[in-house]
Amino acid sequence: MDNCLFCKIIEGKIPSAKVYEDDKVYAFRDINPQAPVHVLLVPKKHYANVCECAREDADLAGYMLKKCADIAESEGLKNGFRLITNNGPDACQSVQHMHLHILGGEQLADRMG
Ligand code: AMP
């Protein structure tokens with residue numbers, strides 16, 4: 001996808017702090033972390049948001065949830081973590097390439113919104 005920030009990160013055209021990569025997904029550290037651990041997990045194929053991804057490739061969406069579990073474990077998030085995906089303008093989605101935020105490493109705020 002032309003002009004997509006996360007497509008450029010996946011292609012290595014923009015640097016990122018890689019956490020995990022395979023043929024389907026790429027994970028990297030958020031540039032503006034909201035917790036001690038803040039990893040973004042994205043599909044290599046461009047989907048605008050989680051709904052588009054889930055509808056077009058439910059297996060991939062499920063695979064990404066499994067990868068979140070693996071990344072949380074490898075990041076040492078034994079005491080839990082938060083998984084967020086902002087979907088559309090009301091949720092302040094700022095990058096229009098589906099991504100899951102994996103947040104943890106401290107006691108997170110009770111209030112989410
Ligand atoms: P969202 O607001 O849910 O679309 O999340 C987009 C996330 O991408 C934000 O948490 C940003 O801090 C993060 N972000 C933006 N640019 C970069 C970048 N170049 N490298 C890593 N994370 C980024």
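Where does asparagine 3 lie? The answer is the segment before α1, the helix of residues 5–10. I start there because asparagine 3 is exposed, with a relative accessible area of 70%, and its backbone is worth a look. One reminder before I go on: this is a predicted model.

Asparagine 3 is not a glycine, yet its phi is positive, at about 65 degrees. Cysteine 92 is a second such case: not a glycine either, and again with a positive phi of about 65 degrees. Cysteine 92 sits in the loop between β4 and β5. With a relative accessible area of 60%, cysteine 92 is exposed; the cut-off for that word is over 50%.

Now to helix α3. This helix runs over residues 58–74, which is 17 residues. From the first C-alpha to the last, α3 reaches 25 Å, close to the 24 Å expected at 1.5 Å a residue.

Which residues of α3 are buried? They are Leu60, Ala61, Met64, Lys67, Cys68, Ile71 and Ala72. Please note that a lysine, Lys67, is on that list. Why are they on the same side of α3? Because they cover an arc of only 140 degrees around the axis.

As for what covers these buried residues, the elements include the strands β1 (18–21), β2 (25–29) and β3 (37–43), the helix α2 (50–56), and also β4 and β5. On the face of α3 turned away from the buried side we find the exposed residues Ala58, Asp59 and Glu73. After α3 comes glycine 76, and here too phi is positive, near 80 degrees.

Last topic, the largest pocket. How much space lies in it? About 200 Å³. Strands β4 (81–84) and β5 (100–104), which I named as part of the cover over α3, each supply at least two residues of the pocket lining.

Going through the lining in sequence order, we have Gln34 and His38, then Arg82, Ile84 and Asn86, then His101 and Leu103, and finally Leu108, Ala109, Arg111 and Met112. Sorted by class, that makes 5 nonpolar, 4 polar and 2 charged residues. Arg82 and Arg111 are both in the lining.

To recap: in α3, the buried residues keep to the same side, within an arc of only 140 degrees. The largest pocket has a lining to which β4 and β5 each give at least two residues. Asparagine 3 has a positive phi without being a glycine, and so does cysteine 92. That is what I have for today.

Notes:
Residues are numbered from 1 along each chain as its sequence is written. This is a predicted model: local features need pLDDT of at least 70, side-chain atom pairs count only at pLDDT 80 or more; totals for chains, interfaces and linings use all residues. Side-chain values use heavy atoms; hydrogens and water are left out. On a 1 Å grid over the protein atoms alone, a cavity is a set of points where a 1.4 Å probe fits but cannot get out, and a pocket is an open set with protein on both sides within 12 Å along at least five of seven lines; lining residues have an atom within 4 Å of a point. Grid points are joined across faces, edges and corners, and a volume is the space filled by probe spheres set on the points. Helices (H or I, at least four residues) and strands (E, at least two) are DSSP runs, numbered from the N terminus. Ala, Val, Leu, Ile, Met, Phe, Trp, Tyr, Cys and Pro count as nonpolar, Asp, Glu, Lys and Arg as charged, and the others, Gly among them, as polar. The expected span of a helix is 1.5 Å times one less than its number of residues. Buried means under 20% relative accessible area, exposed over 50%, partly exposed in between (1.4 Å probe, protein chains only). The arc is that of the directions from the helix axis to the C-beta atoms. Contact means heavy atoms within 4.5 Å.
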